[in-house]
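Dear colleague,

I am passing on the structure below, and I would be glad if you could look through it alongside my notes.

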Amino acid sequence: MISFTVMAITFGVVFLAELPDKTALAGLMLGTRYRASYVFAGVAAAFAVHVALAIAAGSVLTLLPHRLVQGVVGALFLGGALILLLRKPDGDDDGIKQPEDQSFWKVSGAGFMLILVAEFGDLTQIMTANLAARYDNPVSVGLGAVLALWAVAGIGILGGKTLMKYVPLRLITKVAATLMLVLAGFSFYEAVTG
């Protein structure tokens with residue numbers, strides 16, 4: 001049976017925890033370059049997988065090797081920052097590729113893989129597992145968590161589209177690359193000290 005109270009509690013907790021997280025940054029960057037619907041499809045699928053894993057595994061996710069997860073996340077952020085910094089400008093001032101140059105599977109697959117790896121063992125995944133164990137209502141917790149994660153992703157992706165109207169893509173790219181380098185540094189620090 002679905003409990004709207006449990007869904008609302010889960011939504012609120014997960015939404016607030018995920019809002020300042022790296023997901024919004026990832027969605028923002030992908031949203032500035034590709035069709036929002038393609039990006040959202042991949043990101044939403046990855047979050048659905050994460051929530052399903054959290055619900056199925058319960059608190060077992062907290063037993064994953066934290067150092068390894070943080071090391072992989074750090075490497076991904078470092079790689080993403082380097083790609084942004086070293087990529088030659090394509091001369092497309094608005095940063096949005098023409099529809100014929102975008103493949104749904106390529107764009108959604110990139111969003112899926114980025115979120116799938118970067119969010120594995122993340123705080124919100126562990127929180128979802130803990131909430132599922134606490135309330136013993138996996139469907140309500142799962143729905144609340146996935147809707148919260150989708151909401152944050154949507155805000156990040158649409159934020160990227162809106163930002164493009166006012167700020168040049170090159171500046172957004174440099175800021176995003178810098179933030180990714182900082183996040184990579186924090187992840188490597190946690191991998192070494194954790």
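The notes that follow cover the nonpolar core, the largest cavity and one loop residue.

This is a predicted model, in which local features need pLDDT of at least 70 and side-chain atom pairs count only at pLDDT 80 or more, while totals for chains, interfaces and linings use all residues. Residues are numbered from 1 along each chain as its sequence is written, and side-chain values use heavy atoms, with hydrogens and water left out.

The largest nonpolar core (buried Ala, Val, Leu, Ile, Met, Phe, Trp, Tyr and Cys residues joined through side-chain atoms within 4.5 Å, buried being under 20% relative accessible area with a 1.4 Å probe, protein chains only) has 19 residues, and Val14, Val39, Val43, Phe47, Val51, Ile115 and Leu149 touch the most other members. At least two residues of this core come from each of α1 (4–18), α2 (22–33), α3 (36–57), α5 (104–118) and α7 (138–166), helices here being DSSP runs of H or I with at least four residues, numbered from the N terminus. The largest share, 7 residues, is supplied by α7.

The largest cavity (points on a 1 Å grid over the protein atoms alone where a 1.4 Å probe fits but cannot get out, with lining residues having an atom within 4 Å of a point) is lined by residues including Phe47, Val51 and Leu149. Its lining receives the most from α3, with 4 residues.

Asn137 sits in the loop between α6 (123–135) and α7, and counts as buried because its relative accessibility is 13%.

Best regards

Terms used. Buried means under 20% relative accessible area, exposed over 50%, partly exposed in between (1.4 Å probe, protein chains only). On a 1 Å grid over the protein atoms alone, a cavity is a set of points where a 1.4 Å probe fits but cannot get out, and a pocket is an open set with protein on both sides within 12 Å along at least five of seven lines; lining residues have an atom within 4 Å of a point.
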